[in-house]
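The following note is offered for a colleague's review. It takes the points in order, beginning with strand pairing and ending with the overall dimensions.

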Amino acid sequence: MAYTEDDLAEVRRAILDLAAGKRVARITYNGRTVEYSGSGDLTKLREVERQIVAYLATNKHRTRTRSVRTSKGL
């Protein structure tokens, strides 16, 4: 499953909607739309948020640059 920063923002917005008392929150991630409602689904949304954060954290690539100097003109 490939997640993006937009997926994370949408899940967080849905969490805020449910916490604010909105009855139903809809999110779309991985090409499918899911509806969440009530406090039980708030727990599920937080689990999805944790999964997305973990995925994004493990897929950040660092680039390394090395500089080499020689005295022989190589």
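1. Strand β1 (residues 24–29) and strand β2 (residues 32–37) pair in the antiparallel sense, and 6 bridges join them. The model is a predicted one, and the remarks below should be read accordingly. The two strands make a hairpin in which 2 residues lie between β1 and β2. N30 belongs to this turn and has a positive phi of about 55°. Two of the bridge partnerships may be named: A25 is matched with Y36 of β2, and Y29 is matched with R32 of β2.

2. Which side chains of β1 point to the buried face? They are A25, I27 and Y29, whereas V24, R26 and T28 point to the other face and are not buried. The side chains thus alternate along the strand. Of the buried set, A25 has Y36 as its bridge partner and Y29 has R32.

3. S37 is a residue of strand β2. Its relative accessible area is 39%, so S37 counts as partly exposed, the class between the 20% and 50% cut-offs. When neighbours within four places in sequence are left aside, S37 is in contact with L18, R23 and V24. V24 is part of β1, on the face that is not buried. R26, another residue of that face, stands 11 residues from S37 in sequence, with a C-alpha to C-alpha distance of 8.8 Å.

4. Helix α1 covers residues 5–19, and L16 has its place there. Is L16 buried or exposed? L16 is exposed because its relative accessible area is 58%, and the class begins over 50%. Between the C-alpha atoms of L16 and L42 the distance is 9.3 Å, at a sequence separation of 26 residues.

5. Helix α2 covers residues 38–58 and includes E49. Why does E49 count as buried? The relative accessible area of E49 is 19%, and E49 is therefore classed as buried, given that the class lies under 20%. Residues up to four places away in sequence not being counted, E49 touches L8, V11, R12 and I15.

6. D41 is also placed in α2. With a relative accessible area of 14%, D41 is buried. Apart from neighbours within four places in sequence, the contacts of D41 are with E35 and Y36. Y36 is the bridge partner of A25 in the hairpin, and A25 is one of the buried residues of β1.

7. T43 is a further residue of α2. At 51% relative accessibility T43 counts as exposed, since that class lies over 50%. The C-alpha atoms of T43 and I15 are 9.1 Å apart, and 28 residues separate the two along the chain. I15 is among the residues that E49 touches.

8. A20 lies in the loop between α1 and β1. Its relative accessible area of 69% makes A20 exposed. The C-alpha atoms of A20 and N59 are separated by 32 Å, the two residues being 39 apart along the chain.

9. How many helices and strands does the protein have? There are 2 helices and 2 strands, and their order from the N terminus is α-β-β-α. Among contacts with a separation of 6 or more, 48% involve residues 24 or more positions apart.

10. On dimensions, the radius of gyration is 20 Å, whereas a compact globule of 74 residues would have one near 11 Å. Along the principal axes, the C-alpha atoms fill a box of roughly 70 × 20 × 15 Å. Of the 74 residues, 26% count as buried, E49 and D41 being among them.

11. Surface and charge remain to be noted. The protein exposes about 6,100 Å², of which carbon and sulfur atoms supply 48%. There are 15 positive and 9 negative charges, and the mean positions of the two sets are 12 Å apart.

How values were computed:
Residues numbered from 1 in each chain as written. Predicted model: local features only at pLDDT ≥ 70, side-chain atom pairs only at ≥ 80, totals over all residues. Heavy atoms only, no water. Helix = DSSP H or I, 4+ residues; strand = E, 2+ residues; numbered from the N terminus. Rg over C-alpha atoms; globule rule 2.2 N^0.38 Å. Buried < 20%, exposed > 50% of the residue type's maximum accessible area, 1.4 Å probe, protein only. Contact = heavy atoms within 4.5 Å. Areas by Shrake-Rupley, 256 points an atom, 1.4 Å probe, with all protein chains shown as cover. Lys, Arg positive; Asp, Glu negative; His and termini not counted. Charge placed at Lys NZ, Arg CZ, Asp CG, Glu CD. Pairing = 2+ DSSP bridges.
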